[in-house]
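Good morning, colleagues. Please take a moment with the sequence and the structure before I go through selected contacts and charges.

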Amino acid sequence: MLHDVIVVGGSYAGMAAALQLLRARRKVLVVDAGIRRNRFVSESHGFLGQDGVDPAQIARTAREQLKAYPTLAWLEGTATDAKRQADGFAVTTADSGVHHGRRLLLATGVSDALPAIAGLADRWGRSVFHCPYCHGYELNEGRIGLIVTGPDVLHHVILFTEWGDVTLLLNGAFELDAGARAKLAARGVTIETGRIAGIEGHADVKLQDGRILPFAGLFTATRNAPSTPLAQALGCELEETPFGTQIRTDESKQTTVPGAFACGDVARVPHSVSLAVGDGAMAGVHVHRSLVL
């Protein structure tokens, strides 16, 4: 069967794109491995109309709504390869199935590489976060610890003072000059130079000198990369951002491979559920236009 579009990734961006295409009565196959990036989070915030809702429920509701469209095919599985062909694309899945589509949309999301600190990954999405707009309000203006990984994040530090009492945890990543220290101090930011031994309790930072610093929550920057190698296998160009690596797209969300598009976290920064949905919806429209015009 030749689908009009194969969407790889059935999370928020992928489903938002699929919705536009289904409403244009196009045959859409969604291949989804079922691993949402925000699967560790119990509440989604900042998404209009869904504020405070379990993100898993948002995804379930969206999928149920897509199933009402008869031109949808949904495959639970992992796409392992993608190739350009004369009539479009061939996508291979882990069960060795091969599926064909006139267009391909990559909405695979990204992986998060966290700082190598004991206990940090165990609290990711629960008391350790990356986005203050998504999680800052719920900390109730309490103590916030920022675990930095390099000087490029310094211009974001002052922003966090909108949500609470901020401590900058340098953890030996770099040295602050006098000017930066003065600027941070003027905004009430505490600077901690001690090395981190690990994270304990809810969000307690244990330093190597034995001190324990309790926080309402911790924030840190992750390094992102596409969660699958499909884009590279297809020959799509990647690009570097302050957050990591993403798929390069043009204003129509098309990659450097004609007929292959990308959307969501894997193809834009910054990241949030609402931004992923908007990006996916726009990508769906552009994919449809490429089939018609």
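Which residues does serine 11 touch, not counting residues up to four places away in sequence? The model before you is a predicted one, and in this model the answer is Asp32 and Arg36. Serine 11 itself sits in the loop that runs between strand S1 (2-8) and helix H1 (12-23). With a relative accessible area of 19%, serine 11 is buried; the cut-off for that class is under 20%.

I would set arginine 60 beside serine 11. Arginine 60 belongs to helix H2 and is partly exposed, its relative accessible area being 47%. Along the chain, arginine 60 and serine 11 are 49 residues apart, while their C-alpha atoms are separated by 9.7 Å.

I turn now to the salt bridges. How many does a search of the whole structure find? The search returns 13 salt bridges. As general background, side chains of opposite charge can pair when their charged atoms come close.

One of these pairs is arginine 37 with aspartate 112, where the closest N and O atoms are 2.6 Å apart. Arginine 37 is placed in the loop between S2 and H2, and aspartate 112 in strand S7 (residues 110-113), so this salt bridge ties together parts of the chain that are 75 residues apart in sequence. Aspartate 112 counts as partly exposed, at 24% relative accessibility.

Another salt bridge joins the side chains of arginine 248 and glutamate 237, at 3.3 Å from N to O. Here arginine 248 occupies the loop between strand S18 (244-247) and strand S19 (260-262), and glutamate 237 the loop between helix H6 (230-234) and strand S17 (238-241); the pair therefore ties together parts that are 11 residues apart in sequence. Arginine 248 is partly exposed at 33% relative accessibility, and glutamate 237 is partly exposed at 42%.

Next, the side chains of aspartate 279 and lysine 253 meet in a salt bridge, with 3.2 Å from N to O. This pair links distant parts of the chain, 26 residues apart: aspartate 279 is in helix H7 (residues 273-292), and lysine 253 is in the loop between S18 and S19. Are these two partners buried or exposed? Aspartate 279 counts as buried, at 10% relative accessibility, and lysine 253 counts as buried as well, at 7%. Elsewhere, Asp4, Arg26 and Arg102 form one network, joined by salt bridges that share partners.

Let me move to charge on the surface. Where do Glu43, Asp51, Asp54 and Glu138 gather? They come together in a patch of negative charge on the surface. Of this group I single out aspartate 51, which is found in the loop between strand S2 (28-32) and helix H2 (55-66). Aspartate 51 has a relative accessible area of 52% and is therefore exposed, the threshold being over 50%.

My last residue is threonine 167, located in strand S10 (residues 165-169). Threonine 167 is buried, with a relative accessible area of 4%. Which residues is threonine 167 in contact with, leaving aside its neighbours within four places in sequence? Its contacts are Arg143, Ile144, Gly145 and Leu146, together with Thr190, Glu192 and Phe215.

Thank you for your attention; I welcome your questions.

Terms used. Residues numbered from 1 in each chain as written. Predicted model: local features only at pLDDT ≥ 70, side-chain atom pairs only at ≥ 80, totals over all residues. Heavy atoms only, no water. Patch = residues over 30% accessible without salt bridge, like charges linked within 9 Å, V, L, I, M, F, W, Y side chains within 5 Å. Areas by Shrake-Rupley, 256 points an atom, 1.4 Å probe, with all protein chains shown as cover. Salt bridge = Lys/Arg side-chain N within 4 Å of Asp/Glu carboxyl O. Lys, Arg positive; Asp, Glu negative; His and termini not counted. Charge placed at Lys NZ, Arg CZ, Asp CG, Glu CD. Helix = DSSP H or I, 4+ residues; strand = E, 2+ residues; numbered from the N terminus. Buried < 20%, exposed > 50% of the residue type's maximum accessible area, 1.4 Å probe, protein only. Contact = heavy atoms within 4.5 Å.
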